[in-house]
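Let's walk through this model together, chain by chain and then across the places where chains meet. Keep the 3D view open as you read.

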Amino acid sequence: MLFFSFFKSLVGKDVVVELKNDLSICGTLHSVDQYLNMKLSDITVSDPDRFPHMLSVKNCFIRGSVVRYVQLPSDQVDTQLLSDSCRRELTEAKTKQ
Amino acid sequence: MLKYRMTSSLDGYMNRVTTVITGDGRTIVGLLKGFDQLINIILEDAHERVYSETAGVETVPLGLYIIRGDNVAIVGEVDEEIDKRIDLDNVKASPLAPIWIPG
Amino acid sequence: MVLPLSLLRTAQNHPMLVELKNGETYNGHLQACDTWMNVHLRDVIYTSKDGDKFYKIPEVYIRGSTIKYLRIPDTVVDLVKNEVNEVRRQQKDQQRSRKPMGRGGGPHRGGRGGSAAPRGGGRGRGK
């Protein structure tokens, strides 16, 4: 759930999503679900000469399973909070066992 | 409240012209008539846009299509105004690489 | 809104093309399908990935998870709409005929349960 919650906190921020077919899409994170499927709005493709396939697309849905990387706005990410949440989730999982 | 606005479904693209980029690297354009939780997709009046480095984009009519969710990478809402302005005959690009499909 | 599996179910007895993830295609008439998209085709023509081999096969059963896409006749999408509309109409008719029964229907109304059962619910997702 950590990554789901984390991406939810990034809704409204600009991200770059790199797919497993090397296509990189830059856009505003509109929504995310439990599978880390994402909807981006106002997108642009990083290399439109190589990838003109999406020129007329402004909003898109990306299946979580095809994502290779997500580039995040580093000034919008509280890494301290992130590592704390990670530890908390780990300890919670352990106590449940 | 926020939860409802977060819903990451394809509802907003229903009955709109959409581009589906598939796991095997094809680009299929058609009217989105339905979908389900697994992202299985129904496209009506679907056409494949075949990209090539040596010639313009070739449009191949496909008809009514059910694309299995496993084979869906991107679903894009087509802005028809922008799409009309694109001269596909003069667009040259290598076809998209496939995404490895598990199973 | 049409659910992909409802559309597939409506396509029963229609011809269709099934392409598998490995590139093979199967052309045949849909005999049956289920909620996993497993399909049973009859009178099939198999085409290999490179389109160099063709076989005629009387009957094929395909596991849903191996399918890449299905191509079905354009007219089938209109049949689903009809089906959905028909179900809605039946529901309305049932509601209408139920209303006057509202008073004093009492325990006898139990019998209506049977006629109400095949409405909406079962329609959504195949069998």
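**A tour of the three chains**

Chain C has a secondary structure of three helices and five strands. Here helices (H or I, at least four residues) and strands (E, at least two) are DSSP runs, numbered from the N terminus. Read from the N terminus, the elements of chain C follow the order α-β-β-β-β-β-α-α.

Before going on, please note that this is a predicted model: local features need pLDDT of at least 70, side-chain atom pairs count only at pLDDT 80 or more, and totals for chains, interfaces and linings use all residues. Residues are numbered from 1 along each chain as its sequence is written, while chains are lettered from A and ligands numbered from 1 in the order in which they are written.

How much of chain C is buried? Of its 127 residues, 22% count as buried. A residue is called buried if 20 or more other C-beta atoms lie within 10 Å of its own, exposed if 12 or fewer, and partly exposed in between, with C-beta atoms placed from the backbone. Leu3(C), in the segment before helix 1 (4-10) of chain C, is buried because 21 other C-beta atoms lie within 10 Å. You can also find Leu3(C) and Arg88(C), which are 85 residues apart in sequence and 16 Å apart in space, C-alpha to C-alpha. In chain C, residues 24 or more positions apart account for 55% of the contacts with a separation of 6 or more; two residues are in contact if their C-beta atoms, placed from the backbone, lie within 7 Å.

Now turn to chain B, which has two helices and five strands, in the order α-β-β-β-β-β-α from the N terminus. Buried residues make up 40% of the 103 residues in chain B. Of the contacts in chain B with a separation of 6 or more, 55% are between residues 24 or more positions apart.

Where do chains B and C meet? In this interface, 20 residues of chain B are in contact with 20 residues of chain C. Strand 2 (27-35), strand 3 (41-50) and strand 4 (58-67) of chain B each supply at least two residues of the side that touches chain C, and strand 4 of chain B gives the largest share, six residues. Strand 4 of chain B also runs antiparallel to strand 5 (residues 67-72) of chain C, joined to this strand by four bridges. Two strands pair if DSSP finds at least two bridges between them. One bridge partner to look for is Ile72(C), in strand 5 of chain C, opposite Leu64(B).

On the other side of the tour, 28 residues of chain A are in contact with 28 residues of chain B. Strand 4 of chain A gives the most to the side of chain A that touches chain B, with six residues. By class, that side has 14 nonpolar, six polar and eight charged residues. Ala, Val, Leu, Ile, Met, Phe, Trp, Tyr, Cys and Pro count as nonpolar, Asp, Glu, Lys and Arg as charged, and the others, Gly among them, as polar. Five bridges join strand 4 of chain A to the antiparallel strand 5 (residues 72-78) of chain B, where Gly76(B) is the bridge partner of Cys60(A).

Finally, look at helix 2 (residues 79-96) of chain A, which is hardly covered: the count of buried residues among its 18 residues is zero.
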